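Hello,

Here is the structure I promised to pass on. My notes on its pockets and cavities follow below.

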Amino acid sequence: MKAILCEQWGGPETLQLRDIELPEPGPRQVRIKVAAAGVNFPDVLIIQKKYQMQPQLPFSPGAEIAGTITAVGSEVSGLKIGMPVAALCGIGGFAEECVVDATLCMPLPPGVPMALAASLVLAYGTSWHALRDRAALQSGETVLVLGAAGGVGLAAVEIARAIGAKVIAAASTPEKLAVCRQHGADELIDYSHEDLRERLKTLTGGKGVDVVFDPVGGAYTEAAFRSIAWRGRHLVIGFADGNVPALPLNLPLLKGASLVGVFWGEFAKREPKANAAGVQELLGWIAQGQLKPLVSKTYRLAEAPQALMDMAARKVVGKVVVLP
Ligand SMILES: NC(=O)c1ccc[n+]([C@@H]2O[C@H](COP(=O)([O-])OP(=O)(O)OC[C@H]3O[C@@H](n4cnc5c(N)ncnc54)[C@H](OP(=O)(O)O)[C@@H]3O)[C@@H](O)[C@H]2O)c1
């Protein structure tokens with residue numbers, strides 16, 4: 001089968017398209033013919049040895065997939081050959097077939113497009129876990145979403161709206177902010193030109209935001225934390241900016257505020273039932289039309305390195321997927 005391989009640590013340009021052996025599932029695994037693989041920022045980090053998980057070389061990047069089961073391990077029950085599923089594979093998704101732990105597969109209801117299913121698990125799963133589970137976001141509260149037109153960012157905009165919160169979307173271009181508006185943002189901040197703290201002060205009447213959703217890091221983190229309301233929650237999602245910020249600890253004290261870590265991959269592994277409940281809520285919201293995940297571009301398998309280059313260059317809006 002064909003697969004994109006990371007054979008040495010480096011940028012997307014070092015990835016290679018290779019013919020490799022079809023992988024065999026272990027007793028508790030299944031093999032999936034990959035119809036679509038979601039592209040996520042951790043894919044950019046993992047090939048450069050900059051992610052918390054470091055697989056053995058060579059490996060295929062690609063953390064989430066949707067497709068059809070082609071082989072089932074001897075101890076797996078409830079999953080059958082031919083079933084359409086979405087799955088969290090961690091690595092291995094940018095390939096024609098991929099082996100996944102059976103516990104990380106979610107059978108798909110009929111009619112869900114594969115590109116959409118492959119975009120849902122990780123980005124929407126992360127944003128659901130962050131807003132619903134870690135921040136306990138309530139209807140009527142105000143949320144600031146940084147990097148709001150990105151994969152987890154746009155998912156957070158939509159989920160916060162579905163919960164009934166007021167959403168302030170911050171992103172770096174008018175085009176990205178227009179997409180955030182289409183997906184439900186109430187207020188927009190272009191943080192490449194506008195002063196984040198001043199705008200937040202004006203937009204919240206000096207009260208501050210109840211929840212910050214922060215997948216960007218860098219200098220935005222402290223500016224956002226200084227704009228948080230009493231009893232606010234700042235969700236630490238990631239550091240797309242490349243810089244892991246540090247905060248003076250008097251800030252959470254003064255606001256009675258919380259700095260809340262979010263690690264969805266670990267949550268999905270440690271608490272699969274809670275994660276599955278999240279996916280069910282997400283599928284329900286999609287069925288009601290409350291969430292409209294945006295797949296803005298698709299790439300062929302050979303173009304997967306270009307997909308990662310576009311993501312690293314801040315060119316991606318919403319989700320993009322690779323179609324092996
Ligand atoms: N904690 C978890 O469980 C978890 C799960 C998934 C992802 N993540 C993390 O969340 C972050 C976002 O992931 P994603 O898949 O949503 O990525 P993405 O689609 O590329 O979105 C990242 C956003 O960050 C902003 N950004 C600011 N500076 C950037 C830079 N130097 N390079 C690239 N983007 C920059 C961009 O928006 P603007 O151009 O508008 O600023 C971009 O839209 C990553 O750090 C990822 O590792 C964490």
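**The largest cavity**

S7, helix H2 (114-134) and H9 each supply at least two residues of the lining of the largest cavity. Bear in mind throughout that this is a predicted model. H2 gives the most here, with three residues. The volume of this cavity is about 40 Å³.

The lining runs as follows: Ala 86, Met 106, Pro 107, Leu 108, Ala 117, Leu 120, Val 121, Val 279 and Leu 283. By class, that is nine nonpolar residues, with no polar and no charged ones.

**The second largest cavity**

How many cavities of 30 Å³ or more does the structure hold? It holds two. The second largest has about 30 Å³ of space.

Its lining is made by Tyr 124, Gly 150, Gly 151, Leu 154, Ala 155, Leu 294, Gly 318 and Lys 319. Helix H3 (residues 151-163) provides the largest share, three residues. The classes are mixed: four nonpolar, three polar and one charged.

Where does this cavity lie with respect to domain 1 and domain 2? Domain 1 (2-108 + 294-323) gives residues to the lining, and domain 2 (123-264) does too, so the second largest cavity lies between them.

**The second largest pocket**

Now to an open site. The second largest pocket has a volume of about 230 Å³. Its lining counts 16 residues. Nearest its centre are Thr 103, Cys 105, Met 106, Pro 272 and Ala 276.

Strand S7 (105-107), helix H8 (264-270) and helix H9 (272-287) are the elements that give two or more residues to this lining. H9 gives the most, with six residues. By class, the pocket lining has 13 nonpolar and three polar residues, and no charged ones.

**Where to look**

Start at Met 106. This residue lies among those nearest the centre of the second largest pocket, and Met 106 also lines the largest cavity. S7 and H9 each give two or more residues to the pocket lining, and each supplies at least two to the lining of the largest cavity. Neither the pocket lining nor the lining of the largest cavity has a charged residue.

Then go to the second largest cavity, where the lining has one charged residue. Lys 319 is in that lining, along with Gly 150, Gly 151 and Gly 318.

Best wishes

Methods: Residues numbered from 1 in each chain as written. Predicted model: local features only at pLDDT ≥ 70, side-chain atom pairs only at ≥ 80, totals over all residues. Heavy atoms only, no water. 1 Å grid on protein atoms, 1.4 Å probe; cavity = no way out; pocket = protein on both sides within 12 Å on 5 of 7 lines; lining within 4 Å. Points joined across faces, edges and corners; volume = space filled by probe spheres on them. Helix = DSSP H or I, 4+ residues; strand = E, 2+ residues; numbered from the N terminus. Nonpolar A, V, L, I, M, F, W, Y, C, P; charged D, E, K, R; others polar. Domains from an automatic or database assignment.
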